[in-house]
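Welcome to this short tour. Keep your viewer open, and select each stop as you reach it.

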Amino acid sequence: MTVTNNTRGLLGKGVPPTPSFFSIIRVVVLVLSLAVLAACAYNLSLLGAYSSSYTGPPGFMLFVTLFTILVLGGAMAAERFAPHLYFRIAVLIGYGTNCLFWLSGWAWSASIAAMFLGNTCFMSTCFGPTNEEKRYGGSMAAAAAIGAVNWVLMVGVLFYFIKGCLADPDCYGVSTGGQGSEMGSIKAEGKKPATQPYVSDA
């Protein structure tokens, strides 16, 4: 019965309670996503005319960054402006999918970067990467490194989100916390003993 009640928190509506640093982590993810966006845009510019027919890892990472901005930005906007429309299962799916996208993106980018930055061997002779290959591989390596950090941060976001939902199975949420405090203060004031009027002896 307890497991069922806790799971109900994931299917409810309303902003779940989360630590104070939860929003900071999401802002950091958004900022790092912009850095990945810049690295991938530079990488695609190196492809020139080929970028219209083949995008590969940089194109996928561009999609991941835009998806991240949409998911995190939408969740943060709903928390602030429309908590009554905050469907936890939708946010859960968005966060979980985003984690998988970042994992796939940085792993793919790292493999491509290693290929372009490695030596090319022909028979018994090996050649280092050209300047163009260094620029392409370097930008992909930067996107992979930042993407790996974002993946770790998104796993943390997903963990604390699920933890908050399970801790709030009745879906009171953050949006009703202020109302509860006000009601508590009103009740406390109602319990104050009435003061006796002062009567002068004169």
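Start by selecting Phe 60 and showing its side chain. Is Phe 60 buried, partly exposed or exposed? In this predicted model, Phe 60 has 22% relative accessibility. The buried class needs a value under 20%, so Phe 60 counts as partly exposed.

Now add Phe 63 to your selection. Phe 63 is partly exposed too, with a relative accessible area of 41%. Both residues sit in helix H3, which spans residues 56-81. They are three residues apart there, so about one helical turn separates Phe 60 from Phe 63.

Keep the helix in view and colour residues 59-78. This stretch is one of those that UniProt, in an unreviewed entry, annotates as "transmembrane region". In the model, residues 59-78 are 100% helix and 0% strand, and the C-alpha atoms at the two ends lie 28 Å apart.

**Next stop: a group of rings**

Select Phe 60, Phe 63, Phe 67, Phe 101 and Trp 108 together. Ring pairs link these five residues into a cluster.

Then colour residues 85-103, another stretch that the UniProt record annotates as "transmembrane region". Here the chain is 84% helix and 0% strand, with 29 Å between the end C-alpha atoms.

**Next stop: H3 beside H4**

Show H3 and H4 as cartoons and hide the rest. Their axes are 9 Å apart and pack at an angle of about 155 degrees. An angle over 145 degrees counts as roughly antiparallel, and H3 and H4 are therefore roughly antiparallel to each other. Their crossing is left-handed. What kinds of residues make up the contact of H3 with H4? By class, there are 16 nonpolar and nine polar residues, and no charged ones.

**Next stop: H4 beside H5**

Hide H3 and bring in H5, which covers residues 131-166. H4 covers residues 88-117, and the axes of H4 and H5 come within 7 Å, crossing at roughly 155 degrees. H4 and H5 are therefore roughly antiparallel to each other, and this crossing is left-handed. The contact of H4 with H5 has 25 nonpolar, seven polar and three charged residues.

**Next stop: a pair across the sequence**

A pair of aromatic rings is described by the distance of the centres and the angle of the planes. Across the model, the count comes to 11 aromatic pairs. For one of them, select Phe 21 and Tyr 160: the ring centres are 5.3 Å apart and the planes stand at 85 degrees, so the pair is edge-to-face.

Where do these two residues lie? Phe 21 is in the loop between helix H1 (2-8) and helix H2 (22-47), while Tyr 160 belongs to helix H5. The pair therefore ties together parts that are 139 residues apart in sequence. Phe 21 is partly exposed, at 35% relative accessible area, and Tyr 160 is partly exposed as well, at 25%.

Go back to your first two residues for another ring pair. Phe 60 and Phe 63 form a tilted pair, with 6.3 Å from centre to centre and 40 degrees between the planes.

**Last stop: the whole chain**

Show everything again and colour by secondary structure. There are six helices and two strands. Follow the chain from the N terminus, and the elements run α-α-α-α-β-β-α-α. To finish, colour by accessibility: of the 202 residues in the protein, 33% are buried.

Terms used. Residues are numbered from 1 along each chain as its sequence is written. This is a predicted model: local features need pLDDT of at least 70, side-chain atom pairs count only at pLDDT 80 or more; totals for chains, interfaces and linings use all residues. Side-chain values use heavy atoms; hydrogens and water are left out. UniProt positions are given in the numbering used here, feature names are shortened, and annotations may be inferred rather than shown by experiment. Helices (H or I, at least four residues) and strands (E, at least two) are DSSP runs, numbered from the N terminus. Rings of Phe, Tyr and Trp (its six-membered ring) pair if their centres lie within 6.5 Å; planes under 30 degrees apart count as stacked, over 60 as edge-to-face and the rest as tilted. Buried means under 20% relative accessible area, exposed over 50%, partly exposed in between (1.4 Å probe, protein chains only). Axes are lines fitted to C-alpha atoms, for helices over the stretch in contact, and angles run from 0 to 180 degrees between N-to-C directions. Angles under 35 degrees count as roughly parallel, over 145 as roughly antiparallel, 65 to 115 as roughly perpendicular and the rest as oblique. A crossing is left-handed if the near helix is turned anticlockwise from the far one by less than a right angle, and right-handed if clockwise. Ala, Val, Leu, Ile, Met, Phe, Trp, Tyr, Cys and Pro count as nonpolar, Asp, Glu, Lys and Arg as charged, and the others, Gly among them, as polar.
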